[in-house]
Every structure is written in structure tokens, then in C-alpha cells.
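Work through these exercises with the model open beside you. Try each task before you read its solution.

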Amino acid sequence: MHFIALLTETANQDLITIVPWTLIAQLCNLGLQLFLIKKFLFKPVREILAKRQAKADEDIRAAEAAKAEADSIKSEYEQNMLEAREKAESILDNAQKMANAQSDDIIKAANAQATAIKNKAEQDIALEKRKAVNEIKDEIGSMAMEIAGKVIEREINEADHAKLIDEFIENIGEKS
Amino acid sequence: MNVDITGPKILYETPWELPVLGSFKLTETILISWIVMAIITGLCIWLTHDLKVEKISKRQAFAEMLVETADKFVIGNIGEKFAWLIPLVATIFSLSIVSNLISLFGVWSPTADLNTEITWAAVVFVLITIQKIKAGGFGGYLKSFTQPIPVLTPFNILSELSTPISMAFRHFGNILSGVVINGLIYGSLILASSALFGLIPGAVGNILSNVPILAVGLPAVLSVYFDWFTGVMQAYIFCVLTIMYISNAASEG
């Protein structure tokens, strides 16, 4: 280039020659540059790349862990839901059964009570009826005795008398 | 107007001399290499300061892209077991590309000095040899020179040595050719400019003929190919050859 021509007053190395000192110097330069480039380019960049890799790995691991946790929570929740539903069903079933049984009991008890009341009423009625019949029997007996005594005016045999009355009442009773 | 293509300036020469090595000469190559290294290192520090795990800046994204590109380049081509090569390949690539392109700022390109490429190629050659010895053992490595027949041994040695030499000269030649062609075009355009405007008579012609009007524009366009394209291409080719030779060496034996 032109500046080379302009600097002819200083000494120049030959164009193609081997200078041992320059070889040594360039070898040292190459080694030094190798060291510098390793130290200032490769080492820091590789460190940061490794760090990023580690961070990405960690993030993925964390995400996987979170997903596993979420899955387990979900399955647990589903399990719980299933159990709760089963429980609710069983509670409902039990309640229904219990209600049925209770209503049955109540009905049965009511029936039994009604029957008992009816029976008692019938008994009472029968008792009252007998009482009434007996009263009427006594009345009629005494009335008949009076009437008969007055009609025939004589004392009939007591035994015959009672027998007659009984027959009479019996006849009435059957007819009534 | 002379177009003078020479090697790098010698900025300083030590008064002392060592046997064999001679006196140490601080050339432009070495000085500009330090500037290149300062640029690369400064860029690395700027790119990787304040790195974050999340919500990264464009600057950090670019730094990560550089590292990932280097990873992909080496691992994608020759596999995971050569991951240790990534920083070296990245270093050679960045040194090469910045050295090639720094000539755009009008300074001496360290890669226009053969010594730079020889050094890189020698490092690659050492790695190739280590891989071969690792793969086949030292005996296997020596024996591989006598394959397929012992007569070929000299040629095998030549071919082994030609690997780093061809790598170094390929890179060097391409960058130097850019320097040479740009110099020639620049010089010839200045000459053409002064000749063309010298045709204008009078003082106007005298002034205009001394201003290199034609040298504006065209060299910039041509430098897109000779500096930019060649510079990026040669850095890439050097790195591809580096990883290919080393991976081939490991699979041999």
C-alpha cells in the first residue's frame, strides 16, 4: 500500500523471509491470545449457558413436581367426592328405611290401639247390655211375680216360680 | 510514483544479539499483532461483562452466538471428541480475521508477514503429529512413512512437511496478493489521474494533476474482494484445514 512506499527511510524486513524472533513472538502471542479468549469469552459464556441449563432443568423439575402434586390432589379430591356421594346415598337410604320402618311401626301401633279401643268398646257395650238385660230381667221378674200374685192370688211354689220366670225371660231374650 | 512492496517496518532493534536468533527486531508484524490481540480481548471482555441467566441483552446473545458457532463449527465437522480444539480454532480464526481486516485501516496486516502463518501452521503441525502418535503409537507413526512401500519414505516425509507449509503459504499468499494488487491499483490510479488531468492546460491542470481524483472510490470497491472477502475466506479456510487435518490424523493408524 502507499504508506509502505512513504516509509522507505526506515529499515524494512524482507517481504518473504523467516525471522526466528518473530516466530517466537507470534507463538507467544498465539498462546496468550488462546488463554485470553478462553478466560474472557469461553469460560464466562459457558458458565452462563450451564447456569441457564441448570435453571431450565430445575424449572422443568419443579413444574413436573407441581403437576404430580396437582394430580394427586385431584385424585384425592375425586376420591373424596366419590366417598361423600356414597356416604350421602347411604345416609339417604338409611333415612328412608328408618322412616319407612317408623311409619310402619306407627301404623301398626295405631292399628293395635284402634283394635284395642274397639275391643274394649265392644266389651263395654256387651257388659252394659248384659247389665241392662239383667236389670230388665229383675224388673220383669218382680213385675211378673207381682202380676201373677195378684192374678191368682196365691203363693206358688218358690222353685216353680223362679223356673217359670227364667223360662219366660229366656223367651223374651231370644226374641229381643 | 513508485509502487514499493516490502515486508514490515522494523521499528526497534535491540543492540544485543543472541547466538542463532540474532538481535530482536520489533517489527510492525509484532506490534500490530499486539493491537489485534488487544482488540480481540477487549471485545471479549466487553461482550461477556455482566452476563445474565435471563432477559439477556443483544450483546450477550452475540457472545453466546459466537461460542455456539465455534462449538458447531468444530463439533459439527469433526465430532465431540475434538471439543478441546474449539478455543484454539476460535483463537486462530479471530487472530486471522482481525489481522486480515485491520489493513482496511491502513496499517500493516500481521498476516501479510509469513512468520505469522508459519507459527500457526507449526502449531497445527505439532497437533497433527501428536494425534498421529496417539492414534498409532510412536512406532506406528514412524512406520506410516514407509507405507505403502519403503521407497516412498522421502515423499511421505515431504508430503507430511508440505501440510503446514502449504497452509501457511496459502494464507500468506492470499493476503499478500491483496496487499500487492491494492498497491498496484492505487499507484496506477494515481498515475492515471495525474496523466488525465495533466491534459488540462494551465494552472488548473497543474493543480488537478497532483490530486489523485481517480484513486477515490475504485480501491474501496476492489478492497471488498481483496481485503474483506479474501480476509474472511482465508481465516475460514485455515480453520477448516486445521480441524480436518487434526481429525484425519486422529483417525489414521
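In which helix is the place of B:L241? B:L241 sits in helix α7 of chain B.

This is a predicted model: local features need pLDDT of at least 70, side-chain atom pairs count only at pLDDT 80 or more, and totals for chains, interfaces and linings use all residues. Residues are numbered from 1 along each chain as its sequence is written, and chains are lettered from A and ligands numbered from 1 in the order in which they are written.

**Exercise 1. Place two residues by burial**

Task: classify B:L241 and B:I185 as buried, partly exposed or exposed.

Solution.
- Step 1. Fix the cut-offs: a residue is buried if 20 or more other C-beta atoms lie within 10 Å of its own, exposed if 12 or fewer, and partly exposed in between, with C-beta atoms placed from the backbone.
- Step 2. B:L241 has 18 other C-beta atoms within 10 Å, so B:L241 is partly exposed.
- Step 3. Check B:L241 against B:M167: 74 residues separate them along the chain, yet their C-alpha atoms are separated by 7.8 Å.
- Step 4. B:I185 belongs to helix α5 of chain B. B:I185 has 17 other C-beta atoms within 10 Å and is therefore partly exposed.
- Step 5. B:I185 and B:T163 are 22 residues apart in sequence and 33 Å apart in space, C-alpha to C-alpha.
- Step 6. Leaving out residues up to four places away in sequence, B:I185 touches B:P219 and B:L222. Contact here means C-beta atoms, placed from the backbone, within 7 Å.

**Exercise 2. Describe two helix pairs**

Task: describe how α4(B) packs with α7(B) and with α5(B).

Solution.
- Step 1. Two packed helices are described by the angle between their axes and the distance between the axes.
- Step 2. Helices (H or I, at least four residues) and strands (E, at least two) are DSSP runs, numbered from the N terminus. Axes are lines fitted to C-alpha atoms, for helices over the stretch in contact, and angles run from 0 to 180 degrees between N-to-C directions.
- Step 3. Helix α4 (residues 114-143) of chain B meets helix α7 (residues 218-251) of chain B at about 20°, and the axes are 7 Å apart.
- Step 4. α4(B) and α7(B) are therefore roughly parallel to each other; the cut-off is an angle under 35 degrees.
- Step 5. α4(B) passes α7(B) in a right-handed crossing, with the near helix turned clockwise from the far one by less than a right angle.
- Step 6. The α4(B) side includes B:V124, B:L127 and B:I128, and the α7(B) side includes B:T242, B:Y245 and B:I246. This contact has eight nonpolar, two polar and two charged residues. Ala, Val, Leu, Ile, Met, Phe, Trp, Tyr, Cys and Pro count as nonpolar, Asp, Glu, Lys and Arg as charged, and the others, Gly among them, as polar.
- Step 7. For α4(B) and α5(B), the angle is about 150° and the axes are 8 Å apart. This crossing is also right-handed.
- Step 8. Among the residues that meet are B:A121, B:F125 and B:I128 in α4(B), and B:M167, B:H171 and B:F172 in α5(B). The classes are 11 nonpolar, two polar and one charged.

**Exercise 3. Find the core**

Task: which residues have the most contacts inside the largest nonpolar core?

Solution.
- Step 1. A nonpolar core is a set of buried Ala, Val, Leu, Ile, Met, Phe, Trp, Tyr and Cys residues joined through C-beta atoms within 7 Å.
- Step 2. The largest one has 51 residues, and A:L41, B:V89 and B:I92 have the most contacts inside it.
- Step 3. α2 (20-152) of chain A gives two or more residues, as do α1, α2, α3, α4, α5 and α7 of chain B. α3(B) gives the most, nine residues.
- Step 4. Beyond four places in sequence, B:V89 touches B:A70, B:F73, B:V74, B:C239, B:T242 and B:I243.

**Exercise 4. Map the chain contact**

Task: how many residues does each chain bring to the contact?

Solution.
- Step 1. Chain B brings 48 residues and chain A brings 43.
- Step 2. On the chain B side, α1(B) supplies the largest share, 10 residues.
- Step 3. That side divides into 27 nonpolar, 16 polar and five charged residues.
- Step 4. Chain A itself has three helices and zero strands. Of its 176 residues, 9% count as buried.

Conventions. Parallel < 35°, antiparallel > 145°, perpendicular 65-115°, else oblique. Contact = placed C-beta atoms within 7 Å.
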